[in-house]
Amino acid sequence: MTDYRRAPAAARNDDQTADLASNLYEHVRQLNYAMAGPPSLTLPGTVYTILGNLSAATYGLDQVLDQINRFFLRELQADRLGHDQAEDLADVLGRHGQALAEARQHARALCAALSEAQSAINAIHSRASRVREAPPTIGGEAHVADAGVAAAANDFPRPITDPILLAPPPAGERNRFIRTRRANTPEA
């Protein structure tokens, strides 16, 4: 279900670099669509993972924004920039740098807030529901391929004390180190 394909380590040209930013937008759009409801989002652990990944992504945005600013400063110093309306490049890039500095502050704040939200739900887990849910539907139609997802979400994770997981040992093979409690009676 999860696609762990990595983007190329380094883009070879400006088009590939722009494609990476475009792919970021597309992945966010797909994430929004997937999280609209079951069957794609049924477990608290999934939310925990999503928050962690969003936090890591926003942490990386700070560096991206810094690199954009450094690019323009480098190009300005090398006298490789011009302006279509003949505005003073130093003024334009000064405003640009201020806007990026503010964006970097927001990215760091968002990273911290997402990390805090992730930490807050660290101990939350699903409990098995006593009521079975109907198979998930999209547009009013049940999807056979997704029918098991709702059932699985109701069944897992099970607490360690679940009777199904604690099957008694076969008769006659009880561990000699396990002591059973005796009733508090005079015969005991």
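In the next few minutes I will go through the overall fold of this protein, then its third helix and the packing around it, and finally a patch on the surface. Please keep in mind throughout that what we are looking at is a predicted model.

Let me begin with the overall picture. The secondary structure consists of four helices and two strands, and if you follow the chain along the sequence the order of these elements is α-α-α-β-β-α. The protein has 188 residues, of which 14% count as buried, and the area that the protein exposes comes to about 15,700 Å², with carbon and sulfur atoms supplying 55% of that area. As for how the chain meets itself, if we take the contacts between residues at least 6 apart in sequence, 55% of them join residues that are at least 24 apart.

I would now like to turn to helix H3, which runs over residues 89–120. How far apart are the end C-alpha atoms of this helix? They are 46 Å apart, and this agrees with expectation, because 32 residues at 1.5 Å a residue should span 46 Å.

The buried residues of H3 are Leu 89, Val 92, Leu 93, Gly 97, Leu 100, Ala 107, Cys 111, Leu 114 and Gln 118. When you look at that spacing, it may help to recall that an α-helix has 3.6 residues a turn, so residues three or four places apart point the same way. As to their partner, the buried residues of H3 pack against helix H2, residues 44–77.

One residue on the H2 side lets us see this packing in detail, and that is Thr 58, which is placed in helix H2. Is Thr 58 buried or exposed? With a relative accessible area of 7%, Thr 58 is buried, since the cut-off for buried is under 20%. Leaving aside residues up to four places away in sequence, Thr 58 touches Ala 107, Leu 110, Cys 111 and Leu 114, and among these Ala 107, Cys 111 and Leu 114 also belong to the buried residues of H3.

Finally, let me come to the surface, where Leu 24, Val 28, Leu 61, Val 64 and Ile 68 form a nonpolar patch, with about 370 Å² of accessible area together. Helix H1, residues 14–34, and H2 each supply at least two residues of this patch, and the largest share, three residues, comes from H2. From the H1 side we can take Val 28, which at 41% relative accessibility counts as partly exposed.

Methods. Residues numbered from 1 in each chain as written. Predicted model: local features only at pLDDT ≥ 70, side-chain atom pairs only at ≥ 80, totals over all residues. Heavy atoms only, no water. Buried < 20%, exposed > 50% of the residue type's maximum accessible area, 1.4 Å probe, protein only. Contact = heavy atoms within 4.5 Å. Areas by Shrake-Rupley, 256 points an atom, 1.4 Å probe, with all protein chains shown as cover. Expected span 1.5 Å × (residues − 1). Patch = residues over 30% accessible without salt bridge, like charges linked within 9 Å, V, L, I, M, F, W, Y side chains within 5 Å. Salt bridge = Lys/Arg side-chain N within 4 Å of Asp/Glu carboxyl O.
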